[in-house]
Every structure is written in C-alpha cells, then in structure tokens.
There are 2 protein chains.
Amino acid sequence: MKMAPLLQEFVLHFGEMGSRWGINRTVGQIYAVLFLSKTPLNAEEITTALGISRSNTSMGLKELQAWNLVRLRHLPDDRRDYFTTPDDLWEIVRTLVAERKKREIDPTLTKLRELEMQGAQGDPYAEARIAELRELIEMMSTFYEDMNRLETERLVQLMTLGAKLGGLVEKTSRLNPFTRTKG
Amino acid sequence: MKMAPLLQEFVLHFGEMGSRWGINRTVGQIYAVLFLSKTPLNAEEITTALGISRSNTSMGLKELQAWNLVRLRHLPDDRRDYFTTPDDLWEIVRTLVAERKKREIDPTLTKLRELEMQGAQGDPYAEARIAELRELIEMMSTFYEDMNRLETERLVQLMTLGAKLGGLVEKTSRLNPFTRTKG
DNA sequence: CTGATATTTCAGAAATTTCTGAAATTACTG
DNA sequence: CAGTAATTTCAGAAATTTCTGAAATATCAG
C-alpha cells in the first residue's frame, strides 16, 4: 500500500472496523481510500493503492454500490469507471442509516408481523413479547422516517438542541392536547 | 430444536439475522430463546432447545454477557446459572445502542483524533475530510449522550412527536438567542 | 477431603467467508 | 467485423470464524 503514513493508518483502521460495520476488510479499505481522495479513482488505482487483486476490487466496488455508498462517474475521453464518495457527510450518514435499517430492521419487522398473523400457539408470554417488540420497532421506524424527511439543516439544529429537547417535550405535551403520551 | 413452530421460526430468524447484527447465528438464537421465555433458563435447557453443544452454549452466553444483553440469575436450591433478558424492551434498546456505539463508533473517534494530532502530511483534502468526519461523529455522540440521559417516558414522547419536531426547532431557534445553528 | 455437578477452556474439525487468477463478458474503436 | 481495453464472473485456494468433544477448572455437599 503506497500512501502517506497518515492516510494509510486511516485506511487500515477502516479495514479493521469493516467487520463490525457489516462489510469486510477490503470493502472498508476501498471506501476509506475513496473517502480521502479529492479526485475520483478507478478500479486500477484502488487495486494498486491497496495491493489487492483486481477482481477483489471489482467485487468490493460492487458491494459498495449495493450499499449506495459510492458514486460512479465518468471522465471525458476515458472509458474506465471512476468512483467517489459524496462530498456531503450528512448524505453519507443518511445512506448508512437507511441501508442498515433496510438490512437489519426491516426483515425482522416483516417477520414479526408474519408471526403475529399466525396467531397464538399456546404461549401467551412469547406472543406478547413478539407483539411488544413489533410495536417498538414500528415506533422507531416511524420516527426514523419523520427525521429522514427533515432537511439536514433542521436535523442539525435538533441535534444541537440535544438535552434541551427533554424540556421542550414536556412543555409541548402540556400545551398541545393532541400530543399522545405512552401508558 | 423442540419448540412450538411459531417460536422456532422466531428463533431461526434471529439466528439468520445474527451476522447482520454483529453476533453469530448461535448467539442470536440463544438470545431469541431467552427473549421468548417467561422463566429464566439454564445452559442445559438452552443447549437442548437449540440442539447445539454445551460448550457452544457456554461461549454464546459469555458473549451475550459481554454485550450486557442477558442477566444472570440464581434460583433457590439450584446452583446452576439461569439467564434472562430484561422485561423492559427499552432497556434492551438502550443497551444495544450503547454497546454498538462502544464497538462501532468510539474506536473510530479515538483514531480520528489521533490522526488529527499527527497533523498535516501533505494532503490538505484528506486532512479536512478527517476533521470533518471527526466533528460529525462528535456531534452525534453528544446528541446520543443527551438522549440517553432522558427517562424513557420523555424519549417516547419525543419520538411520538416525530415530524412535529421539525417545526418546534424552527420556533425555538427564533425564540432562543442562545441556540446555536450550523454554518 | 471425596465425590458429584456445573461451567469454562481450548485444540482441532467443520463451516463459512474472503480472495485470487484465469476465463468470460461487455463495450468501445477503427 | 476484428481488436483492444475494462470489467465481471467464478471455481478453487486461503483465511477466518464457529463449533465440538474432551479435558481442566470451579463449586458445592456431605
């Protein structure tokens, strides 16, 4: 791997973290290289930078595309594919959250609904737990959708408010008779 | 695996999802069995329910304990260890988020800070990206800590407000001169 | 202490995932 | 169309992770 030591360390870290993020080492490294590069890179450049096989790069890029984490670009008079990551980090965060929800939450929600359809089979406790879990996941999904609809600017404002939101909600629930509260 | 078909399906699903959640199949299945069981279970019961080896159960339980996802309990006149999951699903969610942050976010934040300390090494763009990423992760961490400090009741209220929060923040930032806005 | 039960450890086996090089495919150029 | 460059596919190799059975350790009762 031929890069400035600093960048190399960053890339290696992303590789090591890869498995925890649900991607593999190489995919993490490819992403890191693209993330740090001002200009789009083609597969050959990535291959050399990381010292992996060309086919591995191809598969890694395919996976990153499946995650919507990289953009395919073309340069004039060059028929190779070039890849970049979005400039806007918030866009990256949105994509990550959306994709993880799709892979880690949605299938379970579907399954829980299926199981509830099939109805009671002799274990009221288990059935209640499944229902409760389904409700909670639905609630979080709805909240996610609401937040995802906000412009980034609003989202940042909300997050910056942080702890103050606790007080806000209290006021709101007193002022607004339509606000639902649990329990 | 000897359980009601409904529960069995749930357990198998958690097993399959395991890899996406950063745990393995068996660990996912063990958790599922505990989650659905009204009474605490001992290792032997889990082993029979899942048809795996006793040592595998032992290792799986150890991993779940490392994640703080199960509770160890003891029954009178029985020296075996019994395990449960918390009754309160929100407690489970809090644990999950905390542990995932610890494993998936915190090490990267540390690394990014380290890299920034080492300073510029000839690539201003890469350095700017690293700084930007560090700032964003810090902001999200702070927000997480703020939310985590709220009682569950407040958290649920906030989430139920959902889309309304977008409007709220707008009002707040006008009313409160101390509210920071980005950019 | 001795024996019985419960749990953990761990080396190697089994299963799974990742990676490579070669071949196949695609897409463009002249 | 033939030739070339870019990319993808894929079978098997390599690496990694998971699982098991046996042995070791721990814990308790008498």
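# A guided tour of two protein chains and two DNA strands

Over all chains, the count comes to 28 salt bridges, a salt bridge being a side-chain nitrogen of Lys or Arg within 4 Å of a carboxyl oxygen of Asp or Glu. One of these pairs joins two chains, because E9(B) lies in helix α1 of chain B and K111(A) in helix α5 (residues 89-118) of chain A. The model is predicted, so local features need pLDDT of at least 70 and side-chain atom pairs count only at pLDDT 80 or more, whereas totals for chains, interfaces and linings use all residues. Residues are numbered from 1 along each chain as its sequence is written, chains are lettered from A and ligands numbered from 1 in the order in which they are written, and side-chain values use heavy atoms, with hydrogens and water left out.

**Stop 1: the interface of chain A and chain B**

Select E9(B) and K111(A) to begin. The closest N and O atoms of this salt bridge are 2.8 Å apart. Side chains of opposite charge can pair when their charged atoms come close. Between chain B and chain A, the count is four salt bridges.

Widen the selection to both sides of the interface. Chain A and chain B each bring 72 residues to the contact, where contact means heavy atoms within 4.5 Å. About 7,000 Å² is buried between the two chains, and carbon and sulfur atoms give 68% of that area; buried area is the accessible area (1.4 Å probe) that two parts lose on being put together, summed over both. Highlight L6(B), R129(B) and M159(B): together they supply 10% of the area that chain B buries against chain A, more than any other three residues.

The interface also holds 17 residue pairs in polar contact, both residues at pLDDT 80 or more. A polar contact is a pair of N or O atoms within 3.5 Å; within protein, one must be able to donate a hydrogen and the other to accept it, and residues adjacent in sequence count only if both atoms are side-chain atoms.

Which elements should be coloured on the side of chain B that touches chain A? Those giving two or more residues are α1 (5-18), α2 (25-36), α5 (89-118), α6 (124-149), α7 (152-161) and α8 (164-175) of chain B. Helices (H or I, at least four residues) and strands (E, at least two) are DSSP runs, numbered from the N terminus. The largest share, 14 residues, comes from α5(B). By residue class, this side of chain B divides into 36 nonpolar, 16 polar and 20 charged. Ala, Val, Leu, Ile, Met, Phe, Trp, Tyr, Cys and Pro count as nonpolar, Asp, Glu, Lys and Arg as charged, and the others, Gly among them, as polar.

**Stop 2: DNA strand C**

Select DNA strand C and the 16 residues around it, of which T26(A), S55(A), N56(A), K62(B) and D81(B) come nearest. A residue is near a strand if one of its heavy atoms lies within 4 Å of it. Helix α4 (54-66) of chain A and α4 (54-66) of chain B each supply at least two residues of this surface, and α4(B) gives the most, with four.

Which part of DNA strand C should be displayed? Of its atoms within 4 Å of the protein, 67% belong to sugar or phosphate and the rest to bases. Phosphate oxygens of the strand lie 3.0 Å from a side-chain N or O atom of S58(B) and 2.9 Å from one of K62(B). At D81(B), a backbone N or O atom is 2.4 Å from a phosphate oxygen of DNA strand C.

**Stop 3: DNA strand D**

Move to DNA strand D, where S58(A), K62(A), D81(A), T26(B) and S55(B) come nearest among 16 residues. Here the largest share of the surface, four residues, comes from α4(A). Sugar or phosphate accounts for 71% of the strand's atoms within 4 Å of the protein.

Zoom in on three side chains. T26(B) has an N or O atom 2.5 Å from a phosphate oxygen of DNA strand D, and R54(A) has a polar atom 3.2 Å from a phosphate oxygen of this strand. S55(B), by contrast, places a polar side-chain atom 2.8 Å from a base oxygen.
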